[in-house]
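Hi everyone, thanks for coming along. I'd like to walk you through a model that I've been looking at, and I'll take it piece by piece. Let me put it on the screen.

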Amino acid sequence: MNKKLARLCLLVFSLAPFVSAEAASGRSVRRAAQLLGGRMPSDSELSTATGSDVGYRTFVRSLISSNGFYDSMLRYHEKQFGVGLPSEYLEELQRDDIDNTSQKLATLNCTRLPSNRLSCGWKNTDKKTTASCKAAEQQPVAPYWKQGLVLWVCPSVTYACGANLSKCSVEFPNSNEARYSEAGTTDVFDSKRSVLKSLSRQAAGIATAVAVENYPYTKILAPGLTAVDGMLSVFLQQKSFVDLEKLHLSDSLMKQLKAIPASQSKFTLVYTGDSYETAGVLTTFGWLRRYEKNRTRANQLYERLMCRKFSSELPRVFPQDPGNLRTTPGCSGCHATLDPLADFFAVWGEGGGLYSSPGASKQTSFIGKSGSSLADLSNIIAADEAFATCTVNHAFEWLMGRKFRQGESTLRQSLTDYFVSSTYSFKELMFAIATHPGFVVDTRSDANITDPLEQPAIGKVPEPSLPACQTTIDFNTHIQPLISQCTSCHSANSPRQALETSAHWKAWGAQAVSMMSVGQMPPGLQGAPVAGNVYNLKEAVRCWLQQNP
Amino acid sequence: MKMKVRKSFLLTTKCTLLLTFVGFSLSVPSACRFKSSLIDSSDSSELEEIPFAKAGSENSLSLAGVYATSMQSAPAAVRPDPDLYARRLLKQFRADGNTLARQLGQVEQYRLMLGGASDDFRTAPQESYDATSLLALQKVAQKICESLLTPDSSLHPGWNSVLPEAPANVQANVKFLMRKMLGLQESALNATAVSEIVEIVNAFADKGVVVAQSYVPACTAVALDAEALLL
């Protein structure tokens, strides 16, 4: 068979020309189905979607609303964030004060017996708890990873691991099979691998849940927002074995975990209340542990969330002691921006220090906007158009298979404006690209673009259509009466930047406008303001700054 | 999932912010923090409501503006994700379950050669093909085709051959495989291409009789066809 198959290699490449040319949208239907739904379209879907423009748009809309979209987006974000964790990181989280041995977590070995009965026993036979029992003494249990499955265990196992075995680690002999088990669908299971997979995917899980639930995409960086699936829920409730203090979890999260059942295969958004030191994906365990140093964390977010790269001409000869990298020629090109950006992560320890008590925050700045916490950084990033443009870049590349070309700056801006005007609906962005006339064509081009569009500019407020400033703004008349909604926090005797005088607003007004315009400030806004006091203040300050440069 | 409705947010005038992580507290004046009025029950087993407004929906007028801005070149061919290739091919025919997981486990050894990502994602999944990944793809496709066409009762319990017709009805079976694996309608299949695949099946007849096993090379060839490899 193998020799015959080898001959096929030659034949394979001759097949392509024989496959008939598709109707213009037929190929795009298959592509949309694969990229947005993770599958090939059915015959009836092909008929409908290739039949008319409306049919195609309805088909794309159905893909975006399907379960397959969740899976596709999880994978999309997994690739965007690049977060994966080796198994050692999971071992670091286990308590080392239980029994002073290397076996921290009670592990069960499960297998199917010749009698076809699935049975689990202790992995370590030298422990007191490993005493085996007779078949007649075994008890049936319903494990947490698959509904309807029955396992048989000794009473000591039920006692130690709970009625659904969720308090112990579980292994099946075929690790490859277990690797591909989907929670809820298979008997075989590997709790360690499942937990590691969920921990690795948590950042992607937040972004995916935000996209699928159609919250503004800026919320992937929202303070106090995280996402948990069933495996993480079970893991984080194993207080006896997991050293939860190392994860710095909030009480609110711990309470809400009980509402997420082990069978929950998808990530669910969990809001834990205001927290100035968390910022959605940036403070997941995966992001902080995978990107160990604060500079790495900053560099990665600069590249992955703003599509910008640090690059600088290095000095020909590196000084032995370069001193302050932020000011040393040859180093400052990157470090003058990178190091202050890294300072936003100051409370989080680096490397293994992540598990220690958090450190003190630092007053710092990024693209001319100051702050001291990750919540501040989150606001700065979300209020900068580079974030929206970068999201458009990634979505475009995912669907189109190529980057934007130099001559497509208007298209990128047009998509960015649409994304911003939809209050950052990621679903709408995907829909806009997948239904664009350029996506639907039958032809294919080269993925290697020789004239890529430059990286997005930073420092621009994402506001596609600003109304003209028709009134002359006077600070005392138009702005002063509205600033009480800011000065309750931003006063001279608070640690926040004071916003009480016209001088304060002169210096910090632009930053305040950008935060107000996307609904980041004041806290508690439900999206970008379109009317009311916050909107009036934002517009008054914007026009005042414009009229008094 | 039941949600507990957040009744209101209260602005407090003097509050101490308890940062969400253990053991770290910082006094901060107040109104910048919102305090939830939720009852603090340690036995709570409900999720708090997400306090964010939803994003917008389709705006036909704005979308027309986007469509009016043209692209300079067509989409580029996209390689199906190497980490998901085997699962997606199998799931065109089979539901998730033990047997599917076992079959995927059997081709796991080829995943990295196929261009898949490493566990820690330090190696990102390949987005194009090289000789190694193409050869690995051939092997994986062959293994998957064997499991689909000639399932083994011990390795693939509960699975039957996916061929919809008796093996002797080569034309119908080939069209079925091509439709499912290439995502094409029967009317879109090129007659010459179908004949070529039929010839492959016939070439692997067992003593002149076409059996399910005879379809494995043809199935592999279809899985390696440009239409299935690149979208």
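**A walk through the complex**

Chain A is split into four domains: domain 1 covers 21-65, domain 2 covers 107-192, domain 3 is made of 291-314 + 337-382, and domain 4 covers 475-547. Please keep in mind that this is a predicted model. If you take the centres of domain 1 and domain 2 of chain A over their C-alpha atoms, they are 43 Å apart.

Let me stay with chain A as a whole for a moment. Its secondary structure amounts to 22 helices and nine strands. Of the 549 residues in chain A, 48% are buried. And if you look at contacts in chain A with a separation of 6 or more, 66% of them join residues 24 or more positions apart.

Now, how far does the predictor trust all this? For the complex, the predictor reports an ipTM of 0.80 and a pTM of 0.81. Chain B has an average pLDDT of 81, with 81% of its residues scoring at least 70. There is one stretch to treat with care: residues 1-43 of chain B have a pLDDT below 50, and in the model this stretch makes 73 contacts beyond near neighbours in sequence.

On to where the two chains meet. How many residues does each chain bring to the contact? Chain A brings 103 residues and chain B brings 85 residues. On the chain A side, the largest share comes from helix H1 (residues 2-15), with seven residues. Sorted by class, the side of chain A that touches chain B holds 40 nonpolar, 38 polar and 25 charged residues.

Next, the sheet. Chain A has an open sheet of five strands in the order E3-E4-E2-E1-E5, and the pairing is mixed. Why do E3 and E5 of chain A each have one side without a neighbour in the sheet? These two strands stand at the edges, and each has a single partner strand, so one side of each is left free of a neighbour there. From one strand to the next, the twist averages 35 degrees.

Let me go along that sheet pair by pair. At one edge, E3(A) pairs with strand E4 (residues 151-153) of chain A in the antiparallel sense, over three bridges. Within that pair, A:Gln139 sits opposite A:Val153 in E4(A). Strand E1 (residues 107-112) and strand E2 (residues 118-122) of chain A are also antiparallel, with five bridges between them, and here A:Leu108 is opposite A:Trp122 in E2(A). The hairpin of E1(A) and E2(A) has five residues between the strands, and A:Asn116 takes a positive phi near 75 degrees there. At the other edge, E1(A) and E5(A) run parallel and are joined by three bridges, with A:Thr107 facing A:Ser169 in E5(A).

Since we're on backbone angles, two other residues deserve a look. A:Leu165 is not a glycine, yet its phi is positive, near 65 degrees. A:Leu165 belongs to the loop between helix H7 (155-161) and strand E5 (169-171) of chain A. Is A:Leu165 buried or exposed? A:Leu165 counts as buried, because it has 26 C-beta neighbours inside 10 Å, and the cut-off for buried is 20 or more. A:Thr423 is the other one: its phi is positive too, about 55 degrees, and again it is not a glycine. You'll find A:Thr423 in the loop between helix H17 (409-421) and helix H18 (426-434) of chain A. A:Thr423 is buried because 21 other C-beta atoms lie within 10 Å.

Two more elements before I stop. In a regular strand, side chains alternate between the two faces of the sheet. In strand E6 (residues 225-228) of chain A, both faces are covered: A:Leu225 and A:Ala227 on one side, and A:Thr226 and A:Val228 on the other, are all buried. E6(A) runs antiparallel to strand E7 (residues 268-271) of chain A, with four bridges joining them, and A:Leu225 has A:Tyr271 as its bridge partner in E7(A).

Finally, helix H15 (residues 374-382) of chain A. How many of its nine residues are buried? Nine of the nine, including A:Asp376, A:Ser378 and A:Asn379. What do the buried residues of H15(A) pack against? Their partners are strand E8 (364-366), strand E9 (369-371), helix H16 (385-400) and helix H21 (502-517) of chain A.

That's my tour, so thanks for listening!

How values were computed: Residues numbered from 1 in each chain as written. Chains lettered and ligands numbered in written order. Predicted model: local features only at pLDDT ≥ 70, side-chain atom pairs only at ≥ 80, totals over all residues. Buried ≥ 20, exposed ≤ 12 C-beta atoms within 10 Å, placed from the backbone. Pairing = 2+ DSSP bridges. pLDDT = per-residue confidence, 0-100. Contact = placed C-beta atoms within 7 Å. Axes fitted to C-alpha atoms, helices over the stretch in contact; angles between N-to-C directions. Nonpolar A, V, L, I, M, F, W, Y, C, P; charged D, E, K, R; others polar. Domains from an automatic or database assignment.
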